[in-house]
Amino acid sequence: MAEPMKIRARLKGDIADIRVLVAHPMETGQRKNAGGALVPMHFIKHVLVTHKGNVVYDAQWSQAVSRNPVFAVRVKGAKAGDKVVVTWTDNKDDKRTDEAVIVAA
Amino acid sequence: MNPLRRSLLQFAALAAAGWLKTSQAVAAAWNAAGFEAKATAEVLKSLGASGAAESSDIAITAPDIAENGAVVPIEVVSRIPNTQAISIIAEKNPFPLAATMQFANGAEPYAYVRIKMGQTAHVRAIVQAGGKFFTATREVKITIGGCG
Amino acid sequence: MNNKTILVLALTTATFVGCASFPDAQSTAKSAEQMVAEAHAIGTPDMKQRTVQDHSQRTCSAIGGAKLTSSQAAEITKTARDSIRYPSSGKLAGDWKTGARLTTDGRGQRIVNGKIEARKENGALCINCHALDPSDVNAGNLGPALIGYGKQRGNAEAVARYTYERIYNAWAFMPCSNMPRLGASGFLTPEQIAHVVAYLVDPLSPVNNSR
Amino acid sequence: MIRNVGRVAAMATVLAITLCPALAQDKAGNGLAVGRQMLAEDNPGELWVERGRRLFHEKRGPRNASLEQCDLGEGPGVVKGVFAHLPRYFADTGKVQDLESRLLTCMVQLQGFKREDIIRTRFGTLDRNSDLEALVSYIGAASNGMRMNVRLKHAQERDMYKAGEYLFYRRTGPLDFACVTCHGDSGKRIRLQELPNMTRAEELREIIPTGWPAYRGTHSTVRTMQHRLYDCFWQMRLPDLGYASDLSVALTTYLYHSANGGVINLPGVRR
């Protein structure tokens, strides 16, 4: 089961700085495990961020994004208290959705 | 309306209507041709960005020297009006295209993500704005060497 | 014993119980050595032997840094001098290109889960601590920079000999130096050291021939 | 295979990148600074804090118990302030323990885990997370903002401190290294890696309470003080340092006490 994301959404002026930490192996398909077997590709392909229900950010990733990914999104016209929802989907169709509320910095 | 924009809006509409499971919708949009391309030129082609113009309105922030190629932070800010999407390419990776970010509904033309880089290379940003493509690069040196 | 003495004794005892009193140096050394003996659960006796100090190491381990008496310094220097062996070929400067490879190799002899890392030969570890090739930005600075080493000193036989001996056992020149006794411990072979010497003194080596 | 984590991590990159990258020279300082700052700003170690929080309160192990009865020095279940005062003497075990050896005691006694099982999985790999790394992150972070204050009230704590000091200077092994060989001067680097001067309280107060635990980018996991010491011993070509060994606790007691007054901010971020 996927671990929860850690989302920090802080308001700077009228721009929300949304920073997200994700627990995910982001396997390239080229790593061998301790037993010497190739670990299959396992990576997040898609990240979707909504602000007050509207899609603001729609990202496609490859396996080149680092393990335990970190990414950020900035949204103009945001207010403290607005809800932000982040969903990722990986190549095994695992997914995880978490949300956060924008706070004044 | 450009194709990326259209797929984004379609996806949002479908998801809102509950017609599609998120995973199905997003899987359809994933740029397989671009992500599986092995050379930068092919990536550009997949994005429709082969003729992208060099632009000084794209700011790439990244370490000149990265201590760990497994975690290279890349920040791209576009000052080009109507920026719709930013792609990040690590030119010497086996699969150069690392990520494409599309913006809508007030999202700033700002991308930040950490990527893996196999070796010292140019990081290229592709910006799509108003149906046109623009590009900028920055070199990132990756330190490679045995441990002390 | 009068009452006053008893009172003083009682106060002294109270002081000892109430305040931080540190153990004396001898009991500290004893318990710390016991900890060393028990700290490594896995590994062969050979590996465990690495945690046993030789006489010179013991002298160089003083708390706060070794301040050697002249007789201690003389003893370490002599032990170190006596340890030095030379390549059977007699050549003290080998192939600088082989030396170049060795200087940037930081591996060899490390232990994981009771196994020594598999290596054809040990690296010479040089750039961990010394700048050598000015174009290599990887170098550490625990030891002095040696860029231009041969340019400054030349590559005469005497320079090669001094350099060889200094690498073989640095403690022959500077007792308790931070530099490992690379030849004396067997970490590097005499031939490997000769290659590193060549890298330092050869006019064609990047150390002396920077672009 | 624990030591191989680094190498396995390297293979996770698209091309193999070795564990200890290197680069620097003072001219490289600025080139590195941007990346270091960018990596410090968002710390994946926070994910370990959250996982540690769940693990601490969850009923686990053969005895189906949480760690809420675990006394880390501040009373059963209390995590706040724990990091500031460890290592310390515990009457029930009759020993001076650091955070990790104390957690080990609790996981064995309260939860019924087997000591050897916990030790086998003490360091996370790319194939398996470590519970201890998460628990240490959570407990460390619970003291954020407080100052280090290792008190050495008990005679055994003072014995440990002195033994740690002795061991810090003890040269041994095929490379004649002691801790002080690399950590006895300021401004030194092994390759590109900066080496704090651990004979200076000012530097210890900076470095100790801000890691370990710390997220290591090259290992893609949080590493702990026990791992840091294990790794140093490996570099010194000494045999595997026993987890929670008295030797490791002695060095920790010496260094942590010397860092008293430093402000805790955990987990940190390291290369």
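Helices, taken here as DSSP runs of H or I with at least four residues, are numbered from the N terminus, and in this predicted model they serve to place individual residues such as C:Gly154, which sits in the loop between α7 (149–153) and α8 (157–168) of chain C. Because only 12 C-beta neighbours fall inside 10 Å of C:Gly154, and a residue with 12 or fewer counts as exposed, this glycine is assigned to the exposed class. Between C:Gly154 and C:Pro203 the separation in sequence is 49 residues, whereas the distance in space, from C-alpha to C-alpha, is 8.2 Å.

Chain C as a whole contains 9 helices and 2 strands, and its elements follow one another from the N terminus in the order α-α-α-α-α-α-β-β-α-α-α. Of its 211 residues, 40% count as buried. When contacts in chain C between residues at least 6 apart in sequence are considered, 60% of them join residues at least 24 apart.

Within chain C, helix α9 covers residues 190–201, 12 residues in total, and spans 16 Å from its first C-alpha to its last, which is close to the 16 Å expected at 1.5 Å a residue. Since 10 of the 12 residues of α9(C) are buried, this helix is largely enclosed by the rest of the structure. The buried set comprises C:Gln192, C:Ile193, C:Ala194, C:His195, C:Val196, C:Val197, C:Ala198, C:Tyr199, C:Leu200 and C:Val201. The elements that cover these buried residues include α6 (96–103), α7 and α8 of chain C, and the last two of these are the helices that flank the loop holding C:Gly154.

The secondary structure of chain D amounts to 12 helices and 7 strands, and 60% of the 271 residues in this chain are buried. Among contacts in chain D between residues at least 6 apart in sequence, those joining residues at least 24 apart make up 70%.

The contact between the two chains draws 45 residues from chain C and 44 residues from chain D. On the side of chain D that touches chain C, the elements giving two or more residues are α8 (155–168), α9 (179–183), β3 (188–190) and α12 (246–258) of chain D. Helix α8(D) provides the largest share of that side, with 7 residues. Sorted by class, the side of chain D that touches chain C consists of 23 nonpolar, 7 polar and 14 charged residues.

Technical notes. Residues are numbered from 1 along each chain as its sequence is written. Chains are lettered from A and ligands numbered from 1 in the order in which they are written. This is a predicted model: local features need pLDDT of at least 70, side-chain atom pairs count only at pLDDT 80 or more; totals for chains, interfaces and linings use all residues. A residue is buried if 20 or more other C-beta atoms lie within 10 Å of its own, exposed if 12 or fewer, and partly exposed in between; C-beta atoms are placed from the backbone. Two residues are in contact if their C-beta atoms, placed from the backbone, lie within 7 Å. Ala, Val, Leu, Ile, Met, Phe, Trp, Tyr, Cys and Pro count as nonpolar, Asp, Glu, Lys and Arg as charged, and the others, Gly among them, as polar. The expected span of a helix is 1.5 Å times one less than its number of residues.
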